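Happy to walk through this one with you. Have a look at the sequence and the model, and then we can take it question by question.

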Amino acid sequence: MSKHLDQLVDAAERIGVIGSPSSTNEVALDILAGAVNKKLVGELALFRYYQDNCSHYALGQITEVSMRNVWHEDPTMRSLIRQHGRVDTISERQDTHRGDMTISAVFAAGPNGYRPSILGTVPATGTPIYLANDKVLSELLSPYRDQLFYLGHIYGSKPLLPLWFKHFDTGQQGAGEAYHLGIFGKTGSGKSVLAKMILLAYARHPQMGILVIDPQGEFAKEVRGETVPGVFRLPIKRVLDSLTKPTKVYGVRNLVLDRWDLFEHILSESGFFQRLGVKAGENQRQAAEAISEQLQKDGIKLADLHHRDSFDKTWNHLKEERILVRIYGSKEARERVRQQMAETNQNDLYQTVWLPITQLFREDQNGTRKKVESLLTSLFIPNQEKRPLIVIDLSTEQVTQTNSKRATSLPLFDNDQPQPQPLPTQLFWNETIQALVIKRLLEGIRTAAEYAYKQNRSLNTLVLMDEAHRLAPRDDPGSDEQRAIRSILIDATRTTRKYGVGWMFISQTLSSLHREILEQLRIFFFGFGLGMGAEFKALSELVGGRSKALDLYQLFRDPHSSFDTGSREYSFMTIGPVSPLSFAGTPLFFNAFNEVEDFLNVNKLRT
């Protein structure tokens, strides 16, 4: 087997030899005269050497190329050059080009194929170094061929960069544990498209569940099959259908909120009590708590709050002295509330405020609306032949104003689902309520993970969080709900990995995402836009001070600086156990596909 690989290596293009000084971490590359005019930075190179009486093959990317001419550094020669511009006998002819090659993977040839090894010695100077190509990589990785997935080409080169995205359980193509991933980059760097490609990589595993919490609705549109703006339009729905991956998209209209504390929060946020003369936020919260407790004592269920008699009971309770005392200690203030209620149009308040709130808790007979707990149960059911991909669309599409708060016309049900009983056009919705729903989802995930752990089973689930810097910022987020979300996410990244739940965070910024979350991530993808200021400082800390890798990262071009869309390059640096070519977690660099068909064909994804 190694003979065949040796033949492939010998047929590859030789660009140089090992020079001095070299070490087991970084090899000096003396570049041959025939290769000095080639683009070498970013290229994947390899060399063959013997270690412990066994053939070994080391691979790494060239991170820097430098040129030196010692004669040009001589003061006398500099004087001549200043007068004549060049000295024919030494200019160019005496130039020496050197490259730096960072070793990322080593394979040892054995009787049963190639196995991972280490660079435990430094090969002799003069050892040939070749450019890696697809044939060489395919032979080296032949035992893992079925596990490989490709997001693009090696940075600035033609060979594909092999990656693997294993499910989080044991068994075939399983990693045996969950990983947390992070994708970072400036707007327009290609991070969203990369995230969707990775999502399809994980969707290939039928035993793996996927949950997407989508505050902006971008992933929901893709999974529904809607046309979205952009040059790189992945046919996500068609690919998922070809994989026979069960998919569900739940908008806010599909979700049934199932906690009384959520009702209290939303009622106090809605402006309902403000219409009745209760102005201060604390008094509104006390009023919501009092009404919630009283309705529960009356035996009213959350699902029945939208009925007119529930509203009428609320109205009558608010007139009672024992309820008003809980809101205001002052008799004058209580009288003011009674006076305001007498002047308020009850029908208008019911239609414009009460109904938009209570519809969030309403169930339907057709089962198209799901409680949060029921939704998560359907995702985490063990031993399903094919686990689903579920997208929670928490976006708003058309915003109008109701009671000085945002009330929204929200996404309808999927076309392939039976339609429920009609709901009002308006549902009350704002960022605070969105945060409350996200908090409820996260609490449910954590509870389910802990329960599964007690049963000695892995949930084998990936949770994708878009706009992560808004949900778990490094600085104080400002509201209690957002603080709670951040706290849950920090705790989840610490604890859920052992339960088989991995998280993928997508963010435009690196420095503003909470440090404790960054410390728990195992796999990183960095796109363009993190090369300056606080972003670059945060990036330097994560890369571990590998200056050559950071120098190469700073060569990334803004994709939108290209002359046309066809020539755009979406470059990424990745760190972590995501490739068989990076044993030690050394950074790898690649250009993501910019043609949809290339991505689909290489990964054998049918549409």
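Below are some questions and answers about this predicted model.

Q: Which strands are at the edges of the open sheet of 11 strands?
A: Let's start with the order, which is E9-E8-E23-E22-E21-E10-E20-E19-E11-E15-E12, with mixed pairing. An edge strand pairs on one side only. That description fits strand E9 (160–164) and strand E12 (247–250).

Q: Which residue in E23 stands opposite Tyr570?
A: Within the open sheet, E22 is listed next to E23. The two strands run antiparallel and are joined by 5 bridges. In this pairing, the residue opposite Tyr570 is Ala592.

Q: What angle does the direction of helix H14 make with that of E11?
A: Helix H14 covers residues 431–454 and packs on the sheet. Its contacts there are with E11, E15, E19 and E20. Relative to the direction of E11, the angle is about 160°.

Q: Which helix gives the largest share of the lining of the largest pocket?
A: The space in the largest pocket comes to about 750 Å³. Among its 33 lining residues, Ser192, Val193, Lys196, Glu218 and Pro229 are the closest to the centre. Helix H4 (191–203), helix H5 (218–224) and strand E22 (570–575) each supply at least two residues of the lining. The largest share is 6 residues, and they come from H4.

Q: How many residues of the lining of the largest pocket are charged?
A: The lining can be sorted by residue type. Nonpolar residues number 13 and polar ones 12. The charged residues number 8.

Q: Is Gln216 buried, partly exposed or exposed?
A: Gln216 is found in the loop between strand E11 (209–214) and H5, and it touches Ser395, Glu467 and Arg470. Its relative accessible area is 42%. Buried needs under 20% and exposed needs over 50%. Because 42% falls in between, Gln216 is partly exposed.

Q: What distance separates the C-alpha atoms of Gln216 and Asp466?
A: Along the chain, Gln216 and Asp466 are 250 residues apart. In the model, their C-alpha atoms are separated by 7.8 Å.

Q: Which residue of E7 is the bridge partner of Arg14?
A: Strand E1 (residues 14–18) has 4 of its 5 residues buried. E1 pairs in the antiparallel sense with strand E2 (residues 26–31) over 3 bridges, where Ile18 stands opposite Leu29. Another 3 bridges join E1 to strand E7 (residues 128–131), also antiparallel. In E7, the partner of Arg14 is Tyr130.

Notes: Residues numbered from 1 in each chain as written. Predicted model: local features only at pLDDT ≥ 70, side-chain atom pairs only at ≥ 80, totals over all residues. Heavy atoms only, no water. Buried < 20%, exposed > 50% of the residue type's maximum accessible area, 1.4 Å probe, protein only. Pairing = 2+ DSSP bridges. 1 Å grid on protein atoms, 1.4 Å probe; cavity = no way out; pocket = protein on both sides within 12 Å on 5 of 7 lines; lining within 4 Å. Points joined across faces, edges and corners; volume = space filled by probe spheres on them. Nonpolar A, V, L, I, M, F, W, Y, C, P; charged D, E, K, R; others polar. Contact = heavy atoms within 4.5 Å. Axes fitted to C-alpha atoms, helices over the stretch in contact; angles between N-to-C directions. Lists of a residue's contacts leave out its neighbours within four places in sequence.
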